[in-house]
Amino acid sequence: MMQQDTLNQALEALERRIENLPDEKYHLVQKDLHNLVECMLKAGLEPSERVIHLEKALMDAAIEAQFDNMPV
């Protein structure tokens, strides 16, 4: 239970951090959220649909950011 509380608190803190970021900076926290979701899964916790959706959105932002500086 303590590990679940710790992971939930970390998730809440990360979500607050994400809320304060401009959209073009989302890719900077994608890896943090991914790692947190992985820890939750390893601990036997099921991330909510909202968290899964957020992780996908951040992954999309990270992929898009890779192409922003690509020469055409």
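What pattern does the protein chain follow when it is read along the sequence? Read in that direction, the protein chain follows the pattern α-α-α, and in total it has three helices and zero strands. The model is a predicted one, and the C-alpha atoms of its protein chain fill a box of roughly 50 × 25 × 15 Å when the box is taken along the principal axes. Of the 72 residues in the protein chain, buried residues make up 25%. The points below take up the helices, the salt bridges, two buried residues and a patch on the surface.

**How the helices pack**

- Helix α1, which covers residues 2-19, packs with α3 at an angle of about 45°, and the axes of the two helices are 13 Å apart.
- An angle of that kind is neither under 35 degrees nor within the range of 65 to 115, and α1 and α3 are therefore oblique to each other.
- The crossing that α1 and α3 make is left-handed.
- For α1 and α2 the packing angle is about 160°, and their axes are 11 Å apart. Angles over 145 degrees count as roughly antiparallel, and this makes α1 roughly antiparallel to α2.
- Where α1 passes α2, the crossing is again described as left-handed.

**Salt bridges**

- Side chains of opposite charge can pair when their charged atoms come close. A salt bridge is counted when a side-chain nitrogen of Lys or Arg lies within 4 Å of a carboxyl oxygen of Asp or Glu, and by this rule the count comes to three salt bridges.
- One of them joins Glu15 and Arg50, whose closest N and O atoms are 2.0 Å apart. Because Glu15 lies in helix α1 and Arg50 in helix α3, this pair ties together parts of the chain that are 35 residues apart in sequence.
- Is Glu15 buried or exposed? With a relative accessible area of 14%, Glu15 is buried, whereas its partner Arg50, with a relative accessible area of 51%, is exposed.
- Another salt bridge is formed by the side chains of Asp32 and Arg17, at 3.2 Å from N to O. Asp32 belongs to helix α2 and Arg17 to helix α1, so that the pair ties together parts that are 15 residues apart in sequence.
- Asp32 is partly exposed, with a relative accessible area of 33%, and Arg17 is also partly exposed, with a value of 43%.
- A further salt bridge links Asp60 with Lys56, and here the closest N and O atoms are 3.1 Å apart. Since Asp60 and Lys56 are four residues apart in helix α3, about one helical turn separates them.
- Asp60 counts as partly exposed at 37% relative accessibility, while Lys56 counts as exposed at 51%.

**Two buried residues**

- Ile18 has its place in helix α1. A residue counts as buried when its relative accessible area is under 20%, and Ile18, at 4% relative accessibility, therefore counts as buried.
- Measuring from C-alpha to C-alpha in the model, Ile18 and Glu38 are 18 Å apart in space, and along the sequence they are 20 residues apart.
- Val37 is found in helix α2, which covers residues 30-42, and at 4% relative accessibility Val37 counts as buried.
- Between Val37 and Ser48 there are 9.8 Å in space, taken from C-alpha to C-alpha, and the two residues are 11 residues apart in sequence.

**A nonpolar patch on the surface**

- Which residues make the nonpolar surface patch of about 270 Å²? The patch is made by Met59, Ile63 and Phe67.
- Phe67 is found in helix α3, which covers residues 49-68.
- Residues that take part in a patch have over 30% relative accessible area, and Phe67, at 49% relative accessibility, counts as partly exposed.

Technical notes
Residues numbered from 1 in each chain as written. Predicted model: local features only at pLDDT ≥ 70, side-chain atom pairs only at ≥ 80, totals over all residues. Heavy atoms only, no water. Patch = residues over 30% accessible without salt bridge, like charges linked within 9 Å, V, L, I, M, F, W, Y side chains within 5 Å. Areas by Shrake-Rupley, 256 points an atom, 1.4 Å probe, with all protein chains shown as cover. Buried < 20%, exposed > 50% of the residue type's maximum accessible area, 1.4 Å probe, protein only. Axes fitted to C-alpha atoms, helices over the stretch in contact; angles between N-to-C directions. Left-handed = near helix turned anticlockwise from the far one by under 90°.
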